[in-house]
Amino acid sequence: MNFMAKAKFFLDTRRTKPGFPSVLKVDIGHRDKTAYISLTARLLAEQWDADHSMVINHPEQQLLNIYIMGVKQQVDRTIFILADNGSLQSMTANDIKMEIERKLNPEKVEEKEQQQRRKNLFAARYLKFTESKTGSTHRIYMETYKRMLEYAGERLNSLAFEDITKEWLVSFDHYMVAQSPSRNARNIHLRNIRAVFNEAIDDEVTTFYPFRRFQIKNEATRKRNLKVEDLRKHLNCPCDKRAQKHLDMFKLMFMLIGINLIDLCNLKEIDNNGRINYHRAKTNRLYSIKVEPEALEIINKYRGKNYLIDILDRYKDYHDYTKRINRALKQIGPYKRVGRGGKKSTEPMFPDISTYWARHSWATIAASLDIPRDTIAHALGHGNNTVTDIYIDFDERKVDEANRKVLDWVLYGKR
């Protein structure tokens, strides 16, 4: 196979308006690919003799032709050297272009390469990657960046991908222990870093990958679900008015198949078919959930002005409400009046509970009722966006029936 590259001059008139000069370029052809080098010469169409690669009818045609001859000699010499030392076989047309430009204008090439290196530094790529994220995902990625900046200081912004070695990751992980004793909490930040590496490799920015040697190991987590007997006790526990609203919101989240709190807060309406339709904030996947009568009763009790539920009418944002509801849920339990003033004393039933337990509990109870795994996965939005997911219109009635079974068992003891 002939690996010799070919070069020729041409006047690029493709985007030039009539009567305006065009850029003279060198066309580098190699392996059926083409790369272009723009020269300083600007010519009208009638000033270029394409057959002889010469400038004609130009007041400075002699100087321009000397310039073109010098460029041609440098181009031919560079291609010959690359062919002679065996480099040409493994090079692309763009690689050859860069070698020629390095000879023709070394200062410009060095500046361009420095700009590219700055663009492809790890921190710059990390922040660019983070820009594509939304909501809580964007916030978590920025928290990872903050942790890295605290660890590495301003030096972070000058690190190349190759500087993020296994040793760097181990040291960073040790640094985070003081703030995040939980291995799984630290793993979130390490996985965020890994995601940026994966994207950079896909974009051919780097081939370096420290995660071949640095393994992200999970530790077993405590279960975040309630058994059906405990869930019934929790949902029916007597509360004062303020705590009852928080408990009702937890109950509503459970009845809406473990809907995330941010999505519950942002619901706008129930459609004419008695369903709520929304894009999940975390994944942007479209959900459609049938509102059962028990859920509708709670919704009507707490109707909002601008939203379906009045949470964002009463609280600054969903972050503020998340803290409040989780704190309140942990305090729910039997209470009694003690002391001379009759002060209320509560014994929390589930001091570790949070809103996320509604989602885990729904899934666990659904599985105990022998609801198919595929139906549970679809109900929770755990599809993989594969071609199969796209072309198969999952029967929403299966999810509706599954939710009804779960509610009948939890609320009424019917199987």
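Here are a few friendly notes on the pocket and the salt bridges of this predicted model.

1. Let's start with the largest pocket, whose volume is about 1400 Å³. Its lining is made up of 38 residues, and those nearest the centre are Arg139, Ile140, Ile188, Arg224 and Tyr356. By class, the lining divides into 14 charged, 13 polar and 11 nonpolar residues.

2. Which helices should you look at around the pocket? At least two lining residues come from each of H5 (135–152), H7 (183–202), H10 (261–266), H13 (318–331) and H14 (356–368). H5 gives the largest share, with seven residues.

3. H5 also holds a salt bridge of its own: Glu143 and Arg147 sit four residues apart in this helix, about one turn, and their side chains meet at 3.3 Å, N to O. Glu143 is partly exposed at 30% relative accessibility, whereas Arg147 is buried at 11%.

4. Helix H9 is worth a look for two salt bridges. The side chains of Lys245 and Asp310 meet at 2.7 Å, N to O. Lys245 belongs to H9 (residues 241–255) and Asp310 to the loop between H11 (293–301) and H12 (311–314), so this pair ties together parts 65 residues apart in sequence. Both residues are buried.

5. The other H9 pair is Asp248 with Lys301, whose closest N and O atoms are 3.1 Å apart. Because Lys301 lies in H11, this bridge links parts 53 residues apart in sequence. Asp248 is buried, at 4% relative accessible area, but Lys301 is exposed, at 53%.

6. Finally, the whole structure has 18 salt bridges. A network of them links Glu292, Glu294, Arg404 and Asp408.

Terms used: Residues are numbered from 1 along each chain as its sequence is written. This is a predicted model: local features need pLDDT of at least 70, side-chain atom pairs count only at pLDDT 80 or more; totals for chains, interfaces and linings use all residues. Side-chain values use heavy atoms; hydrogens and water are left out. On a 1 Å grid over the protein atoms alone, a cavity is a set of points where a 1.4 Å probe fits but cannot get out, and a pocket is an open set with protein on both sides within 12 Å along at least five of seven lines; lining residues have an atom within 4 Å of a point. Grid points are joined across faces, edges and corners, and a volume is the space filled by probe spheres set on the points. Ala, Val, Leu, Ile, Met, Phe, Trp, Tyr, Cys and Pro count as nonpolar, Asp, Glu, Lys and Arg as charged, and the others, Gly among them, as polar. A salt bridge is a side-chain nitrogen of Lys or Arg within 4 Å of a carboxyl oxygen of Asp or Glu. Buried means under 20% relative accessible area, exposed over 50%, partly exposed in between (1.4 Å probe, protein chains only).
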